[in-house]
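Work through these exercises with the structure open. Try each task before reading its solution.

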Amino acid sequence: MSAPGIVLVANKAGCLDDFSASLMPLPEFEAALRPAMDSELPLFVVLSASNRLWESRLDELDIAWGVCPDAQQGVDHCVAFGVHSNQDWNGWLIDLARSPGASTCVYKALAGSISQFPIASAQGTAGNRDYPIAFQSRFGFSLMNPGNNFLTRALATQENKSQLLWLNLSLAQTVDDI
C-alpha cells in the first residue's frame, strides 16, 4: 500500500456540479496543479470528456489522469472514478482544480494527519468543511459508490466531529507563503 494521494477533479468551472461553464484556460489549470505537484504526493487528475484538451499537457508533466465516463453526473462520480483508479493508495485527498484552499502546505498537513484522523479537512470561511478533504483508506468503498453521496454528506454535515481534524487554513497558507 502506498502513501495517500491527491485526487484532483478538473471539472470545467471548479464548481461542484457545474459542467456547463466554460473550460478553464490551460495556464490557469497549470497554476491549479502546481500546489499538488509541489507536495510530492501521488497525484491523479480526473477529467471529463469536455476537458480532454488537457490530456497532452498532463502527459508532458508526467501526471496520471483518467476521463470519468460519468463526469456530467457530478463530483461524487468523478471522485468515485479517481478513488477506484487508485485503490492502492493509503487514503485520498480530494480536491477541485479551483479550490481556494489548495496549497502545498495544506496538502502535506492533510497527508500527515490521515494516519491519526479518519477525515481531515480545511476549515472554510463559514466554519464548514471545505476542499481539500482527506479520507483514510477505510472510506474507499463509500467514496467509490457515488449513489450514496458520501462525499457530499461528509462536507455538508457535522457528523463524526470527533473523527475530524480541522486545519486552520489561513495559518497553513501563511506558512506556505513564507
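The exercises below concern a predicted model.

**Exercise 1. Covering of a helix**

Find how many residues of helix H4 (residues 104-113) are buried, and list them.

*Solution.* Start with the count: 7 of the 10 residues in H4 are buried, so the helix is mostly covered. Then name them: Thr 104, Cys 105, Val 106, Tyr 107, Leu 110, Ala 111 and Ser 113.

**Exercise 2. The residue before the helix**

Is Ser 103 buried or exposed, and which backbone atom does its side chain reach?

*Solution.* First, place the residue: Ser 103 sits in the loop between strand S4 (92-96) and H4. Next, apply the cut-off: buried means under 20% relative accessible area. Ser 103 has 5%, so it is buried. Last, follow the side chain: it reaches the backbone nitrogen of Val 106 at 3.1 Å.

**Exercise 3. The nonpolar cores**

Identify the best-connected members of the largest nonpolar core.

*Solution.* This core has 24 residues, and Ile 6, Phe 29 and Val 45 touch the most other members. Strand S1 (5-9), helix H1 (26-38), strand S2 (43-47) and H4 each give it two or more residues. Separate from this core is another, of 23 residues, including Val 7, Phe 44, Leu 96 and Phe 139. Now take Phe 29: beyond its neighbours within four places in sequence, Phe 29 contacts Ala 10, Met 24, Val 45, Trp 54 and Leu 58.

**Exercise 4. A cysteine pair**

Why is Cys 68 not bonded to Cys 78?

*Solution.* A disulfide needs sulfur atoms within 2.5 Å. The closest cysteine sulfur to that of Cys 68 is in Cys 78, at 4.3 Å, so the two are too far apart for a bond. The structure holds 0 disulfides. Cys 68 itself is buried, at 5% relative accessibility.

Notes:
Residues numbered from 1 in each chain as written. Predicted model: local features only at pLDDT ≥ 70, side-chain atom pairs only at ≥ 80, totals over all residues. Heavy atoms only, no water. Buried < 20%, exposed > 50% of the residue type's maximum accessible area, 1.4 Å probe, protein only. Helix = DSSP H or I, 4+ residues; strand = E, 2+ residues; numbered from the N terminus. Polar contact = N/O pair within 3.5 Å; in protein donor to acceptor, adjacent residues only side chain to side chain. Core = buried A, V, L, I, M, F, W, Y, C linked by side-chain atoms within 4.5 Å. Contact = heavy atoms within 4.5 Å.
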